[in-house]
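Trainee: Could you take me closely through the sheet in this model, and then show me how the rest of the chain is arranged around that part?

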Amino acid sequence: MLATAKLMPIIKVPDPILRQAAIPVAEITDGTRQLLDDMAATMYDAPGIGLAAPQVNISQRVIVIDCGKDDEPELIKMINPEILRISDTRTILEEGCLSIPDQTADVERPAEVEVQYLDENGASQSLVATGLLATCVQHEIDHLNGVLFIDHISRLKRDMIMRKVMKEMRQPTSRK
Ligand SMILES: [Zn+2]
């Protein structure tokens, strides 16, 4: 039986774990399922629509996503996700990240992706994602490869965002 989900501290830039490639989960255990539950609770509490394990200081290929509407949650837990196919059509959506507090930018990505992953019981699943979900899946899988959304924008914009975040974090009175 799993324990009650607990909130995990969210790692922020420039922590080096956010730049490491995470390791595939070799065996899905109660520990993995507990991690998924804790990550989901942490994501909802933030609040956010996606969270990758490196963002809670665990370098494993595990993500949680919920792009559902407020009254219709659609929690997806993915272990070892792989993108099988991307569309030629691209889309631009505004992205933010719990590890880069209070900053957003328009990011261009493939509009549709097909993803294969293991669910919490170890069964292979696949998902064709479009719209916000497609962007969210790519953003979270990026985290497993040490990539952040700011890597997809111009250097000028990226430097500006990083300067703002670092300045904010240096202020003792700043919000979390
Ligand atoms: Zn993120």
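Mentor: What follows begins with the sheet and then widens to the whole chain. Bear in mind throughout that this is a predicted model. The sheet is open and has five strands, which follow one another in the order E1-E2-E3-E6-E7 with antiparallel pairing. At its edges lie strand E1, residues 50-52, and strand E7, residues 124-130, each of which pairs on one side only. On average, and with direction ignored, neighbouring strands of this sheet are turned by 40° against each other.

Within the sheet, strand E3 (residues 75-86) and strand E6 (residues 112-118) run antiparallel and are joined by five bridges; as for single residues, Ile86 stands opposite Val113 in E6. Helix H1, formed by residues 30-45, lies across E1, strand E2 (62-66) and E3, and the helix runs at about 40° to E2.

Turning to the whole protein chain, there are three helices and seven strands, and from the N terminus on these elements run α-β-β-β-β-β-β-β-α-α. The radius of gyration of the protein chain is 16 Å, close to the 16 Å that the globule rule gives for 176 residues, so the chain is as compact as a globular protein of that length. Along the principal axes, its C-alpha atoms fill a box of roughly 45 × 40 × 35 Å. Of the 176 residues, 43% are buried, while the protein chain exposes about 9500 Å², with carbon and sulfur atoms supplying 52% of that area. Finally, among the contacts in the protein chain with a separation of 6 or more, 66% come from residues 24 or more positions apart.

Note on methods:
Residues are numbered from 1 along each chain as its sequence is written. This is a predicted model: local features need pLDDT of at least 70, side-chain atom pairs count only at pLDDT 80 or more; totals for chains, interfaces and linings use all residues. Side-chain values use heavy atoms; hydrogens and water are left out. Two strands pair if DSSP finds at least two bridges between them. Helices (H or I, at least four residues) and strands (E, at least two) are DSSP runs, numbered from the N terminus. Axes are lines fitted to C-alpha atoms, for helices over the stretch in contact, and angles run from 0 to 180 degrees between N-to-C directions. Contact means heavy atoms within 4.5 Å. The radius of gyration is taken over C-alpha atoms; the globule rule is 2.2 Å times the number of residues to the power 0.38. Buried means under 20% relative accessible area, exposed over 50%, partly exposed in between (1.4 Å probe, protein chains only). Accessible areas come from the Shrake-Rupley method with a 1.4 Å probe; for residues, only the protein chains shown count as cover.
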